[in-house]
Amino acid sequence: MLRLGAVGLLCGALQALAAGAACDGPRATTLVSDATPRTAQAWGVDRHWIFWPGRAPADARYWLVHARNGRIAALSGRPVSGSRLALDAGPPALPAEFEAAYRWLGPGRLLAWPQVGPARLKGLLRQQLVVVETDAAGLVRHATEIQAAGTLDDLYAGATRLDDLGVQVDATATRFKLWAPTAQAVSLCLYPAPTGPALAPLPLHRDERSGAWSVALAGDRSGDYYTYLVDVYVRGVGLVRNRVTDPYSISLTTDSRRSWIGRLDAPDLYPPGWATAPRPAAAAAPTDSVIYELHLRDFSAGDASVPAAQRGKYLAFTDADSQGMRHLRALAAAGVTDIHLLPLFDFAGVPEQGCVTPDAQVLARAAPDSSEQQALVMATAATDCYNWGYDPWHYGAPEGSYASDAADGAVRIREFRAMVQALHGAGLRVGMDLVYNHTVAAGQDPHSVLDRIVPGYYQRLDAQGRVETSTCCADTATEHAMMAKLMIDTAVRWARDYGIDGFRFDLMGHQPRAAMLRLQAAVDAAAGRHIPLIGEGWNFGEVANGARFVQAAQGRLAGTGIATFSDRGRDAVRGGGCCDGAAATLARQGWINGLHYAPNGHGAPAGAQALDRSADLVRVGLAGTLAGYRMTTADGSVKTLAEIDYDGQDAGYASQPDEVVNYVENHDNPTLWDIDELKLPRTTSIDDRARVQVLGLAVTALSQGIAYFHAGVELLASKSGDRNSFDSGDWFNRLDWSATDNHWGSGLPPKPDNGALWPALAPLLADPALKPGPAQIRFARDAFMDLLRIRASTTLLRLRSADEIEQRLKFYNTGPGQQGSVIVGHVDGQGLPGAVWSELLYAINAGTTAATLQLPDLEGHALRLHPVQAAPTAADPRPAAASRWNAASATLTVPPRTAVVYVGARNE
């Protein structure tokens with residue numbers, strides 16, 4: 001027989017062997033199985049209280065049953081078994097500081113955590129915990145597990161001050177630290193290469209105060225790779241050993257199998273000249289920004305002027321003579337200030353080795369209205385080289401599929417920086433799309449990282465303990481301290497270590513305003529300059545209307561300087577909304593594509609009042625969507641913009657113009673060209689279709705607030721009607737910087753998201769009269785450049801405060817007697833720095849005939865056409881040829897489907 005000491009040594013040896021095998025084995029190993037399905041309806045509020053939902057019977061008794069390895073049996077109608085601690089009843093209501101966060105759960109009662117002290121409570125939280133309600137006889141009525149995030153945040157509040165999570169390298173040591181407060185053990189798997197077996201696993205040591213585990217190795221291990229083994233209880237699975245990458249990874253190997261060891265300030269990770277390379281200054285005011293949204297692969301995948309090895313890669317931006325870079329420099333010279341790139345962090349949607357692309361020559365042979373193209377694209381969608389990247393895997397590491405070598409973790413860092421350096425050299429600031437509202441997966445899914453380290457903490461759960469998915473995928477809980485910290489720390493990394501100048505936040509309304517304000521302060525401090533933040537402030541899902549916290553959403557960011565995209569002007573200009581069905585997409589025309597004045601024959605004709613109301617919403621956008629701005633509305637009443645209805649919401653919601661992003665197209669939904677193809681009358685000429693496109697761009701260019709344009713909108717870019725091209729391959733997302741082809745008629749778009757519109761799209765795609773040629777594309781491009789020059793020429797279109805807009809901007813042709821297809825705005829430039837002119841008058845005529853308007857307030861004003869539009873080189877000849885201002889009669893004539901800008905005397 002073995003002595004007890006020998007048995008312990010043998011068990012320890014076997015455990016070490018098992019850990020060693022786990023380093024090279026499956027991503028998860030179940031050590032003790034417990035597949036009992038059980039909800040998690042009890043909530044750990046803090047270290048003192050548990051919230052038990054529902055009404056409690058008078059004879060109810062409560063117990064905390066705990067087991068290190070799981071397998072708790074708490075069966076209804078039977079006595080409680082196993083190790084247990086009594087839970088005493090607490091106060092009848094939640095403390096005031098928790099009420100806002102938990103009121104959505106409805107009525108319930110508080111139970112006191114056992115009075116065992118913080119150390120014992122931390123130990124309990126590393127086990128399976130079940131709260132059991134029994135009757136007076138001790139028989140189980142109800143049993144549920146605990147959502148413990150609130151308790152973890154209270155017990156480990158100091159963890160938010162950790163500044164060395166992840167890997168830290170210096171000349172003497174390489175240090176690793178992972179926050180895993182509920183883990184029973186954590187080990188390090190070290191790999192000398194991107195592939196091949198691990199060295200022997202090394203145990204990490206737990207810090208009881210922070211809940212972090214750490215280990216230090218002698219020497220600089222840069223260039224090696226690592227993963228962690230985390231032994232942790234997982235509800236519904238049991239005690240599991242998860243092999244995971246580091247959520248704080250700075251880089252990874254191919255397909256994110258292993259985290260990379262290195263230091264971001266290592267000299268060999270910088271491209272030549274980084275330290276002295278020029279960087280555009282921060283904007284003097286956010287409203288000076290003109291943002292151009294671009295997907296990295298769209299930029300170069302189809303550009304034959306880029307070396308083949310660099311197409312669809314970071315390094316494509318370093319080829320200064322490519323058609324794409326020449327176009328970006330032209331945009332910068334005209335007035336674009338920022339390139340915002342769709343996700344560049346490590347995402348799961350593209351194989352980083354061996355991705356495929358359907359043969360473009362085969363696709364091109366199919367008919368313009370064929371379903372063959374989409375069938376071929378969809379057949380390889382899971383393995384092709386294309387995805388927008390809204391499936392985040394590691395928030396702080398560059399995506400590997402965009403690097404020339406995904407296996408070497410150093411390459412993607414160096415090439416990402418080379419891209420930023422090249423764009424800065426072109427005079428453009430660089431923004432980045434961040435997606436902290438969800439992860440690609442949760443639970444024990446192989447793509448799950450956070451939830452396999454601290455199960456149930458990083459993801460937002462519903463009242464039953466299920467992961468919320470309102471965002472599309474596995475929602476994250478940025479209201480929890482360490483998820484917010486991960487968001488802030490990785491955003492700081494992009495700003496500090498990669499020179500990123502601004503951030504766009506996907507579904508920002510799912511994040512707390514308080515967390516976003518902390519992030520703003522952190523990135524500004526790290527960069528040593530202001531880093532503008534913009535985001536999607538949509539109000540929906542489980543957090544809607546402040547259900548769990550004050551959101552970073554439309555109408556809730558007053559005074560923060562954080563901007564949200566405004567759908568008010570967007571929807572009025574385009575017609576309908578983002579999520580219309582097929583019939584509504586066709587029937588709901590917009591202000592620029594025929595509402596009332598050019599009916600398309602789908603649905604009941606709209607009346608003049610509908611056009612006038614639509615024009616009011618366009619004016620809302622032109623006035624910066626300011627809640628307090630007042631104007632005469634279509635019904636003749638004077639209202640603030642907040643008093644105007646937008647689909648049951650306040651049309652005006654911003655307190656300052658720097659809180660609003662104006663746009664008519666971005667990566668989501670059909671392109672402006674495609675939506676106009678569906679909504680314009682079929683008989684609309686191809687030249688007029690190009691003019692309608694320019695009208696949409698003019699609305700954005702002339703709006704107060706931040707201007708935002710989608711790459712290719714100036715090139716009439718089409719996705720062949722695709723309304724959701726996130727995984728539609730290069731074929732449906734192509735851009736042609738030569739301004740030769742807009743790619744309308746590339747086949748019916750992928751059926752999953754577009755099939756309902758196929759009957760309407762097919763005849764349009766097949767009609768050669770609806771496809772623009774180089775003349776129309778180049779007209780739109782050059783007219784867009786002129787609009788950029790006009791916006792850049794004067795601060796009158798970039799006013800910095802609500803007071804300035806309210807005092808200086810006035811709309812004419814308003815009220816019930818208006819010509820609803822014409823919008824006229826006047827901006828007073830007296831005493832305004834940078835105004836250049838004493839006044840500015842703009843008019844946008846979306847109608848099909850010329851319009852003449854009386855503007856008696858401006859009688860005697862000496863106005864002349866803006867120099868850009870008056871120049872012989874102007875892209876659009878109509879303003880100079882057919883627009884007129886008569887000062888004596890105060891009469892303005894505006895040609896059809898034309899935007900004109902007039903200016904007064906130059907300021908001294």
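Strand 4 (residues 61-67) and strand 5 (residues 83-89) run antiparallel and are joined by five bridges. Val65 is a handy place to start looking, as Val65 stands opposite Arg84 in strand 5. Please keep in mind as you browse that this is a predicted model.

**Strand pairs toward the start of the chain**

From strand 5 you can step on to strand 6 (residues 108-112), since the two pair in the antiparallel sense over two bridges. Here Asp88 stands opposite Ala112 in strand 6. Strand 6 also pairs with strand 3, again in the antiparallel sense, over five bridges. In that pairing, Pro53 stands opposite Gly108 in strand 6.

Strand 3 (residues 49-53) has a further link, with two bridges joining strand 2 (residues 42-44) to strand 3 in an antiparallel run. Strand 2 and strand 3 form a hairpin, and four residues lie between them. If you would like a residue pair to display, the bridge partner of Trp43 in strand 3 is Phe51.

Here are these pairings side by side, together with one from further along the chain.

| Strands | Sense | Bridges |
|---|---|---|
| strand 4 and strand 5 | antiparallel | five bridges |
| strand 5 and strand 6 | antiparallel | two bridges |
| strand 3 and strand 6 | antiparallel | five bridges |
| strand 2 and strand 3 | antiparallel | two bridges |
| strand 36 and strand 41 | antiparallel | six bridges |

**An open sheet further along**

How are the strands ordered in the open sheet that five of them form? The order is 34-35-36-41-38, and the pairing is antiparallel. Strand 34 (809-812) and strand 38 (864-865) stand at the edges with a single partner strand each, so one side of each is left without a neighbour in the sheet. Within this sheet, strand 36 (residues 839-845) and strand 41 (residues 898-903) are joined by six bridges. One residue pair to pick out is Leu840 with its bridge partner in strand 41, Val903.

**Links between distant parts of the chain**

Searching the whole structure turns up three disulfides. One of them joins Cys23 to Cys189, with an S to S distance of 2.0 Å. The link of Cys23 and Cys189 is left-handed, with -80° about the S-S bond. Cys23 belongs to helix 1 (residues 4-24) and Cys189 to strand 11 (residues 185-191), so the pair ties together parts that are 166 residues apart in sequence.

Salt bridges are there to explore as well, and the structure holds 40 of them. Among them is the one between Arg38 and Glu145, whose closest N and O atoms are 3.8 Å apart. This pair links distant parts of the chain, 107 residues apart: Arg38 is in the loop between strand 1 (28-33) and strand 2, and Glu145 is in strand 8 (residues 140-147).

**Charge on the surface**

Which residues gather in a patch of negative charge on the surface? They are Glu643, Asp645, Asp647 and Asp650. To find the patch in your viewer, go to the loop between strand 29 (638-640) and strand 30 (645-646), where Glu643 is found.

Definitions and conventions: Residues numbered from 1 in each chain as written. Predicted model: local features only at pLDDT ≥ 70, side-chain atom pairs only at ≥ 80, totals over all residues. Heavy atoms only, no water. Patch = residues over 30% accessible without salt bridge, like charges linked within 9 Å, V, L, I, M, F, W, Y side chains within 5 Å. Areas by Shrake-Rupley, 256 points an atom, 1.4 Å probe, with all protein chains shown as cover. Salt bridge = Lys/Arg side-chain N within 4 Å of Asp/Glu carboxyl O. Lys, Arg positive; Asp, Glu negative; His and termini not counted. Charge placed at Lys NZ, Arg CZ, Asp CG, Glu CD. Pairing = 2+ DSSP bridges. Disulfide = S-S within 2.5 Å.
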